[in-house]
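These are my notes on the model, set out as numbered points for discussion. Please read them with the structure open.

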Amino acid sequence: MKSSSLLVMLLAMSLSLSNVLAEESLTEKLDAQTNDATRTAKKAVNRAQEATCTDSDIECLKQKTKNRANEAYDVTKDKASEIKNKID
């Protein structure tokens with residue numbers, strides 16, 4: 001009996017603590033949307049450049065690889081910032 005009441009109490013405490021994460025402010029949400037829009041625009045520009053690449057296949061592949069690496073970096077940086085904002 002005591003263990004079940006202890007379990008219920010722990011469950012209630014954990015549910016109440018789950019709301020401890022701060023909500024993103026309006027500015028932070030706007031920054032996240034801006035980052036998404038910027039990444040989408042950069043991605044579209046990169047794809048257009050890759051489609052019109054007239055260099056050798058090796059040079060075009062090098063450019064494509066560089067673009068993908070930059071896009072992955074931007075996504076990682078932005079998502080880390082969004083997670084930080086959710087925790088703060």
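1. The expected span of a helix is taken here as 1.5 Å times one less than its number of residues. For helix α3, residues 57–87, which holds 31 residues, the distance from the first C-alpha to the last is 45 Å, close to the 45 Å expected at 1.5 Å a residue. Since this is a predicted model, every value below should be read as computed from predicted coordinates.

2. The same check can be applied to α2, where 26 residues at 1.5 Å a residue should span 38 Å, and the end C-alpha atoms are indeed 38 Å apart, so expectation and model agree. As for the overall layout, the protein chain contains three helices and zero strands, and along the sequence these give the pattern α-α-α.

3. How do α2 and α3 lie relative to each other? Their axes come within 11 Å and cross at roughly 175 degrees; because angles over 145 degrees count as roughly antiparallel, the two helices are described as roughly antiparallel to each other. On the α2 side the contact is made by E28, A32, N35, D36, R39, K42, K43, N46, R47, Q49 and E50, and on the α3 side by Q63, K64, N67, R68, E71, D74, V75, D78, K79, E82 and N85.

4. The burial pattern can be set beside this contact. In α2 the buried residues are E28, A32, R39, N46 and E50, and they pack against α3. In α3 the buried residues are C60, N67, E71, D74, D78, E82 and N85, and these in turn pack against α2, residues 26–51. For the protein chain as a whole, buried residues make up 16% of the 88 residues.

5. Contacts between residues well separated in sequence deserve a remark of their own. Among the contacts in the protein chain with a separation of 6 or more, 70% are accounted for by residues 24 or more positions apart.

6. Turning to charged pairs, side chains of opposite charge can pair when their charged atoms come close. A search of the whole structure finds seven salt bridges, and one of them joins D74 to K42, with the closest N and O atoms 3.7 Å apart. This pair links distant parts of the chain, since D74 belongs to helix α3 and K42 to helix α2, with their positions 32 residues apart in sequence. Are the two partners buried or exposed? D74 counts as buried because its relative accessibility is 15%, under the 20% limit for burial, whereas K42 is partly exposed, with a relative accessible area of 42%.

7. Other salt bridges are formed within helix α3. The side chains of K62 and E59 meet at 3.5 Å, N to O, and both residues lie in α3, three residues apart, which is about one turn of the helix. E59 in this pair is partly exposed, its relative accessible area being 36%.

8. A further salt bridge brings together the side chains of K79 and E82, at 3.6 Å from N to O. K79 and E82 are separated by about one helical turn because they are three residues apart in helix α3. K79 is partly exposed, with a relative accessible area of 36%, while E82 is buried, with a relative accessible area of 15%. Elsewhere, salt bridges that share partners join D36, R39 and D78 into one network.

9. Which residues does E82 touch, once those up to four places away in sequence are left out of the count? The contacts of E82, which is found in helix α3, are then E24, A32 and D36. Two of the names in that list, A32 and D36, also appear in the α2 side of the helix contact.

10. Finally, the count of disulfides comes to one. It joins C53 to C60, with an S to S distance of 2.0 Å, and both C53 and C60 are buried. The torsion about the S-S bond of C53 and C60 is about -95 degrees, so the disulfide is left-handed. As C60 is also listed among the buried residues of α3, the cysteine pair is worth viewing together with that helix.

Notes:
Residues numbered from 1 in each chain as written. Predicted model: local features only at pLDDT ≥ 70, side-chain atom pairs only at ≥ 80, totals over all residues. Heavy atoms only, no water. Helix = DSSP H or I, 4+ residues; strand = E, 2+ residues; numbered from the N terminus. Buried < 20%, exposed > 50% of the residue type's maximum accessible area, 1.4 Å probe, protein only. Contact = heavy atoms within 4.5 Å. Salt bridge = Lys/Arg side-chain N within 4 Å of Asp/Glu carboxyl O. Disulfide = S-S within 2.5 Å. Axes fitted to C-alpha atoms, helices over the stretch in contact; angles between N-to-C directions. Parallel < 35°, antiparallel > 145°, perpendicular 65-115°, else oblique.
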